[in-house]
Amino acid sequence: MKDIFQRFSRRAKIIFIAAGASALIIAIIMVAAFEPVTRRLVAQDAVCNTCHLPWEFNSDVRLTATKPHQAKTDQPKSQAQCVDCHLPQGRLNAIFAYTHFVSFTDLFGKFRDLDAERAGDWIPPRAATAFRVRDRLFETDSGTCRTCHIEKEIKPKRARGVNAHKLALEEKKTCIACHYNQVHRPVDLRKNAFEQPAPVGNKQSNLSKGTGND
Ligand code: HEC
Ligand code: HEC
Ligand code: HEC
Ligand code: HEC
């Protein structure tokens, strides 16, 4: 390595090192910018709208089925973007925006299980997607909601909300378990939605009761 390097003139060496350093800096900037560029420039609502119908999911079009959702506490007119709720934060997660655009995965990085979808009871396609979104939010403890909302700081105005939020903290219930149908056209809850998996070795769980009824 040293020999090869000695063959170059001093000037060539400086150019060589400068080029290498710039390439490295550009690479670092690109890696750092990947997530913000994906969220703010690539995965814009308009891009989602090329496949998903605006009247169903955008709150600002005529005869929309979606309610507006404020984005910033101090700006009542601000509107949360699709990615705010649907694409979990993190540089690796930003990749799922692209794999979703080519229909490989959803925005949480899960491949579609087509066999299971075909084998189960028939569910209207739109309900099936709503169920999947709810399941992902449940699995991730409503992570995307929590990027804006801090649970301890939410102060519901009415007693019903105060009690529900006290219960949520005590029983570690997650946002989506109560706040479904918050924005889009309502879809009924699946019967066994938001069931926590039975703890391993818990004799009281339904799974190990073995009633033999089914
Ligand atoms: C190239 C087309 C395309 C684009 C662009 C696209 N999607 Fe999708 N999306 C789909 C398809 C196809 C499905 C699956 C629909 C089904 O199962 O009925 C889907 C499903 C979904 C679902 C339901 C979850 C699931 O697992 O099925 C959500 C939420 C979603 N997309 C959000 C978005 C958001 C947010 C964007 C913009 C960042 C976006 N999509 C951009 C094609 C697209
Ligand atoms: C405030 C959070 C939020 C925003 C903003 C949001 N969604 Fe959703 N979305 C949800 C939740 C929660 C569900 C799960 C179904 C339910 O309970 O409403 C969902 C469900 C969906 C589904 C599954 C089918 C259905 O109708 O339920 C699609 C597709 C979807 N969203 C696309 C979009 C697109 C496209 C945008 C942007 C134009 C968007 N969403 C903006 C929270 C949001
Ligand atoms: C981009 C930031 C952002 C995201 C993401 C977000 N919210 Fe909100 N949300 C707000 C702001 C800001 C308000 C209005 C001020 C307030 O009440 O805190 C609000 C209001 C609410 C309200 C009360 C007002 C109403 O419409 O009834 C509920 C409930 C709520 N959000 C639930 C959710 C859930 C559930 C999710 C995840 C699916 C979510 N939010 C995702 C920012 C966000
Ligand atoms: C056990 C059910 C439950 C859970 C879990 C829950 N909420 Fe709520 N939340 C409620 C009820 C009920 C209200 C009151 C609604 C009303 O008065 O119309 C409320 C009210 C709110 C409000 C409105 C506060 C206001 O200004 O009045 C926001 C924002 C909110 N919830 C966000 C969240 C977020 C974010 C999470 C997850 C961290 C969450 N909630 C978890 C039941 C729940």
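This passage walks through the domains, helices, core and ligand surroundings of a predicted model.

The overall layout is a good place to start. The protein is divided into two parts, with domain 1 spanning residues 8-112 and domain 2 spanning residues 123-195. Their C-alpha centres are 24 Å apart. Where the domains meet, 14 residues of domain 1 are in contact with 9 residues of domain 2. On the domain 1 side of this meeting, helix 4 (54-57) and helix 5 are the elements that give two or more residues. Helix 5 gives the most there, with 3 residues. By class, this side of domain 1 divides into 5 nonpolar, 4 polar and 5 charged residues.

Helix 2 deserves a look of its own. This helix covers residues 10-42 and has a kink of about 45° at Ala33, shortly before the proline Pro36. Helix 2 is also hardly covered, as the count of buried residues among its 33 residues is 0.

Buried nonpolar residues are found elsewhere in the model. The largest nonpolar core has 8 residues in all, namely Ala43, Val83, Leu87, Ala94, Phe96, Ala97, Leu107 and Phe108. Helix 6 (residues 91-101) gives the most to this core, with 3 residues. In soluble globular proteins, nonpolar side chains tend to be buried together. Val83, a member of this core, is in contact with Arg39 and Ala43 once its neighbours within four places in sequence are left aside.

The ligands come next, beginning with ligand 1. A shell of 19 residues surrounds ligand 1, and the closest are Ala43, Cys48, Cys51, Cys82 and Asp106. Two or more residues of this shell come from each of helix 3 (45-48), helix 5, helix 6 and helix 8 (125-139). Helix 8 gives the most, with 4 residues. The shell around ligand 1 has 11 nonpolar, 6 polar and 2 charged residues. Ligand 1 lies between domain 1 and domain 2, because both domains give residues to its shell. Ala43 thus appears in two settings, as a member of the largest nonpolar core and as one of the closest residues to ligand 1.

Ligand 3 is placed between the domains too, because domain 1 and domain 2 both give residues to the shell around it. This shell holds 18 residues, and Gln70, Asp84, Cys145, Cys148 and His179 are the closest. At least two residues each are supplied by helix 5 (82-86), helix 9 (143-146) and helix 11 (175-178). Sorted by class, the shell around ligand 3 has 7 nonpolar, 9 polar and 2 charged residues. Helix 5 is therefore a recurring element: it contributes to the shell around ligand 3, to the shell around ligand 1 and to the side of domain 1 that touches domain 2, with both ligands lying between the domains.

Around ligand 4 there are 20 residues, of which His149, Gly161, Ala168, Cys175 and Cys178 come nearest. Helix 9, helix 10 (159-170) and helix 11 are the elements that give two or more residues to this shell. Helix 10 gives the most, with 6 residues. The residues around ligand 4 divide into 9 nonpolar, 5 polar and 6 charged. Helix 9 and helix 11 are thus listed for ligand 4 as well as for ligand 3.

Finally, a few loop residues reward a closer look in the structure. Lys172 has a positive phi of about 50° although it is not a glycine. Lys172 is placed in the loop between helix 10 and helix 11, and it counts as exposed because it has 8 C-beta neighbours inside 10 Å, where 12 or fewer is the cut-off. Phe194 is not a glycine either, and has a positive phi of about 60°. This residue lies in the loop between helix 11 and helix 12, and its 16 C-beta neighbours inside 10 Å make it partly exposed.

Val187 also lies in the loop between helix 11 and helix 12 (206-209). With 18 other C-beta atoms within 10 Å, Val187 is partly exposed. Beyond residues up to four places away in sequence, Val187 touches Arg126, Ala127, Ala130 and Asn181. Val187 and Thr129 are 58 residues apart in sequence, and their C-alpha atoms are 10.0 Å apart in space.

How values were computed:
Residues are numbered from 1 along each chain as its sequence is written. Chains are lettered from A and ligands numbered from 1 in the order in which they are written. This is a predicted model: local features need pLDDT of at least 70, side-chain atom pairs count only at pLDDT 80 or more; totals for chains, interfaces and linings use all residues. A nonpolar core is a set of buried Ala, Val, Leu, Ile, Met, Phe, Trp, Tyr and Cys residues joined through C-beta atoms within 7 Å. A residue is buried if 20 or more other C-beta atoms lie within 10 Å of its own, exposed if 12 or fewer, and partly exposed in between; C-beta atoms are placed from the backbone. Two residues are in contact if their C-beta atoms, placed from the backbone, lie within 7 Å. A residue is near a molecule or strand if its C-beta atom, placed from the backbone, lies within 6 Å of it. Ala, Val, Leu, Ile, Met, Phe, Trp, Tyr, Cys and Pro count as nonpolar, Asp, Glu, Lys and Arg as charged, and the others, Gly among them, as polar. Domain bounds come from an automatic or database domain assignment. The bend at a residue is the angle between axes fitted to the seven residues ending there and the seven starting there.
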